[in-house]
Amino acid sequence: MEYQALYRKYRPQLFDEVVGQSHVTNTLVREIAEGKVAHAYLFAGPRGTGKTTSARLLAKALNCQNPPGGGEPCNACDSCLAIVSGSSFDVTELDAASHNSVDDIRDIKVSVTTVASVGGAKRVFILDEAHMLSKAASNALLKTLEEPPEHVHFVLATTEPYKLLDTIRSRSQRFDFHPVSVEELVGHLAYVADLESYKVADGALQLVARHAAGSVRDSLSLLEQVAALGNGSVDPAAINRALGLADRDVFARLATAVGEHDAKAALELTAKLAADGVDLRRFLSESIGFFRGVFLAHYAPNLDEVADEPADILDDWRAVAASLPVADVIRAMDVLSDGLLRLREGREERLMTEITLLKLTRPEVAVDLPSMQARLDTLERRVSAIARMGPSGGDSAAQAVQPTMAPSAPAPVATASEATAPPTLKLVATPPDPIPDITADAVVASSSPASPSTEVEIDLTAFKNIWPALSAQVKDELGNRRHALFREARPGLVDGSVLVIHVPGHLGFHLEQMISDPQFAAAVSASASALLGGTVTTRFEADNADQSTPASPEPDESDEVIDKDRMAEAAPSDPVALVEDLLGGEVIDES
């Protein structure tokens, strides 16, 4: 006899042999036994879960010449044997992917009127992949599907029922086939492996069942492939080689690298996987599943009830969840998902995998929101650790901050009296002195906010130097309308810690508005204090030097910056003159 694939050789011949779909088979058996079979059925579910097999069993049970009772076929009469061999005239199987036109549906409607080959038999039309029917073909089928002859039954099988017309779904009795659980798949695989005399290692069938994703057909195909590779033996190593899978411990190593921010270990892991012939795309997909399990372990105390996985896999998830924060787990799933999408776009697999794992282990190289959050979490943990040290941990804290301030030598620590003494900050417009050695006094002074009692000495040059930045800050804080008033002002003079701002004499309205608005003066003073490093106040006065024309102070760099917005006013307003100037031409009067 010609060799048959395992999924064909062990196709169920009774409803009781269908794996994992008892909610469907029990209902069908009861309907057949009671003679209450519907005229149209819709079998929906993932691939390899028994939809077409159940349709054939229904056809056998309806046409069985010697039914044993209970709704099951006998599998011995001529009708049952003809249906099994595919030679029955009463059972028609059509592939909707290739019979999806109106003409094909018209042929079905003609066939519906044909009587059964044997008196009292039923004609069964099995339409596989029914969602592939065109809209016109689906509408053409409606009337026949709703009111077929009494001897005709339709079975529509599909993996995507939502693509079918609502009118078709409403005319059919729907059964949803579920993915088969790992436990049931393992039992079925063990039964088949025993009949085929395969040598099965511990844990091998669980691994096959997990990667079958609930499909009985996929699990039998994988079992057959691995057995052929291992010359009749089935072990996890052979399964990994056949599918290009990574070993189970690889995911725990990846989680450790993520928790320790060890980019070197992650890149070495990628190199080893590539050298072992692991499918990197599948590795990223399985890594997402692993971190999903870790996420479930964080929030599901009853993990064994939530996840359909072996106990050793659940233990791995719990072990990683005990050491890896939830934020890192969620970020890992996001980054791995992005990497998997890039691989599906056809990018270079190893490069994309290395970049993905680098983003996982080094959040600082990524600019996405989860990576920024991970960096903030790290900083918060460090700050909390320094705060827990208390006064006794001052030396350690100083050493932790020291490299960012003075890498050449450790700075002495300030005494308590020195650290609590209020600093005095003086700003003078003199050339900067050579950078002094950083001491604890300087560190405290630079890190302490300025208090209202800080003594500030400023001259007019320093005031003019900060004027462009002051104007920009006023615009940001007060908006364009108020900044239009401030834009005409100029640095006037400095009276101790009071900055006098001059407003041209002809702009009395501007001056009145700025003086009468307390929020305006407060905002200008706060911005000037921040720029000068000490507390200052501001006062607005009219510039009486010129009451009729705008003041024209001596030009300097700050004035050039301030007057940029006036340059447009000097542009020629005559369009003809502007064209002549830009193009270097002249206007010719054709008249």
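Analyst: A helix, in the names used here, is a DSSP run of H or I with at least four residues, numbered from the N terminus. The model under discussion is a predicted one.

User: Which helix gives the most to the lining of the largest pocket?

Analyst: That helix is H14, which contributes six residues. H14 spans residues 280-299, and H9, H10 (216-229), H11 (236-243), H12 (248-260) and H16 (311-321) are the other helices that each supply at least two residues of this lining. The pocket itself encloses about 1,000 Å³ of space, and of the 39 residues that line the pocket, Leu207, Arg210, His211, Glu286 and Glu309 are the closest to its centre.

User: How do the residues of the lining of the largest pocket divide into nonpolar, polar and charged?

Analyst: There are 19 nonpolar, eight polar and 12 charged residues in that lining. Asp, Glu, Lys and Arg count as charged, so among the residues closest to the centre of the pocket, Arg210, Glu286 and Glu309 fall in the charged class.

User: Why is H8 called oblique to H9?

Analyst: Helix H8 (residues 182-196) and helix H9 (residues 204-211) pack at an angle of about 125°, with 9 Å between their axes. Angles of 65 to 115 degrees count as roughly perpendicular and those over 145 as roughly antiparallel, and the rest, apart from those under 35, are oblique; the angle of this pair therefore makes H8 oblique to H9. The crossing in which H8 passes H9 is right-handed.

User: Which residues of H8 and H9 meet?

Analyst: From H8 come Val182, Leu185, Val186, Leu189 and Ala190, and they meet Leu205, Gln206, Val208, Ala209 and Arg210 of H9. By class, the residues of this contact are eight nonpolar, one polar and one charged. Arg counts as charged, so Arg210 is the charged one.

User: What makes up the lining of the largest cavity, by class?

Analyst: Six nonpolar residues and one polar residue form that lining, with no charged residues. The lining residues are Thr92, Leu94, Ile108, Phe125, Ile126, Leu127 and Phe154; since Leu, Ile and Phe count as nonpolar and Thr does not, Thr92 is the polar one. Strand E2 (91-95) and strand E3 (123-128) each supply at least two of the lining residues, and E3, with three, gives the most.

User: What volume does the largest cavity have?

Analyst: Its volume is about 40 Å³, and the structure holds two cavities of 30 Å³ or more. A cavity is a space where a 1.4 Å probe fits but cannot get out, whereas a pocket is open.

Methods. Residues are numbered from 1 along each chain as its sequence is written. This is a predicted model: local features need pLDDT of at least 70, side-chain atom pairs count only at pLDDT 80 or more; totals for chains, interfaces and linings use all residues. Side-chain values use heavy atoms; hydrogens and water are left out. On a 1 Å grid over the protein atoms alone, a cavity is a set of points where a 1.4 Å probe fits but cannot get out, and a pocket is an open set with protein on both sides within 12 Å along at least five of seven lines; lining residues have an atom within 4 Å of a point. Grid points are joined across faces, edges and corners, and a volume is the space filled by probe spheres set on the points. Axes are lines fitted to C-alpha atoms, for helices over the stretch in contact, and angles run from 0 to 180 degrees between N-to-C directions. A crossing is left-handed if the near helix is turned anticlockwise from the far one by less than a right angle, and right-handed if clockwise. Contact means heavy atoms within 4.5 Å.
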